[in-house]
Amino acid sequence: MAVQSVSERTNIPRLRRWVITSLGVVVLLIIGLVGWTLYQNTYDIREEKVTITGGLVPLQGVLALPDRGDGPFGLVVFVHGDGPIDATHETFYRPLWESFAQAGYASLSWDKPGVNGAPGNWLDQSMDDRAAETEAAIEWARGRSDIDPARIGLWGASQAGWVMPKVVNLDSDIAFVIAVGPAINWLEQGEFNTRAELSERNASADEFGKARADRAKNLEQLARDASFDDLVVSGEADGLTEDRWNFIRKNYRSDARADLETVDVPVLLILGGHDVNVDVADTESVYRELLDSPGQLVVKKYPEATHSLVEKNLEDSELMSTLVAVLAPRSLFAPGYLADQTAFLAGIQG
């Protein structure tokens, strides 16, 4: 039988103490990380789940009120961009809601039809349908005693660029618009997006040529109002569902210019310098041309930001963007993005 030396017997308690101490440090670090994460994801707002009635179908919504006071508060009504977006945009909206609350504004958002079990299907909607849905939500909000009807405005991104001007023209009492990377023309945007994404990944000349040919076929099918079955027969349905194709058929003629011409409320236009979804130079030019009343338009540019207003170097790293989204969600956006919107809202008079 082996006999332990005195030095070995002496080291065992030391090793045990080291293991216990190390485990304690790890536990404390985990507790600290969990606490920090909970702190960072706790916002100074009161969220209330609401059912918004008055439109074609009831909407599953969230009303985010300032943490203190009974109001009445101003209200920012959220108009989503493209895609199956829920009321919080997977929590992406919460830092915005908190910033708006600091300026005395509540925020109202809802699951798109068909999202999270909500009735309907957002892919069945035209831009006019979306505008009518938004107006119904505004009318519902005006019925609440904690909302100031004189300070209700719109926040929207990307595809919302076609919706918000329609809402302003439907409702003469809209107080303001915050437009984040808004689109102008559906077909022009699609062409820009294809070229920008190909350029960003240094695509070959053959890839550009194929994209042009595919686009020409797509436009030909739209011009003759082809059904999805027509696309399947011709072999051009790759990557599309029937619902998506019908959504495109319904909306591809969208252009914001005619509706923008009659917008007469203060507008904050927000643009990211690395936006590959929307041609921000064209958007800025159109907004400056059509919203020409003195002081009506405020333009804020974030040169290092993408379409989502996250800095490009952060968005390009899935690991880093995920970590920041979890551990410091307010830092996910480009510097100044939240503060600039808060300042804009603080200047809106009812």
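Let's sort amino acids first: Ala, Val, Leu, Ile, Met, Phe, Trp, Tyr, Cys and Pro count as nonpolar, Asp, Glu, Lys and Arg as charged, and the others, Gly among them, as polar. By that scheme, the lining of the largest pocket here has 16 nonpolar, 14 polar and eleven charged residues.

You're looking at a predicted model, where local features need pLDDT of at least 70, side-chain atom pairs count only at pLDDT 80 or more, and totals for chains, interfaces and linings use all residues. Residues are numbered from 1 along each chain as its sequence is written, and side-chain values use heavy atoms, leaving out hydrogens and water.

Now for helix 2, residues 94–102 (helices are DSSP runs of H or I with at least four residues, numbered from the N terminus). Eight of its nine residues are buried, meaning under 20% relative accessible area with a 1.4 Å probe, protein chains only. Among them are Arg 94, Trp 97 and Glu 98. After helix 2 comes Gly 104, with a positive phi near 85 degrees.

Who is helix 2's partner? Helix 13 (residues 337–346): the two axes come within 8 Å and cross at roughly 35 degrees. Axes here are lines fitted to C-alpha atoms over the stretch in contact, and angles run from 0 to 180 degrees between N-to-C directions. On the helix 2 side, the contact (heavy atoms within 4.5 Å) is made by Pro 95, Leu 96, Ser 99, Phe 100 and Gln 102. Helix 13 brings Tyr 337, Leu 338, Gln 341, Thr 342 and Leu 345. Together the contact residues divide into six nonpolar, four polar and no charged.

Technical notes
Helix = DSSP H or I, 4+ residues; strand = E, 2+ residues; numbered from the N terminus. Buried < 20%, exposed > 50% of the residue type's maximum accessible area, 1.4 Å probe, protein only.
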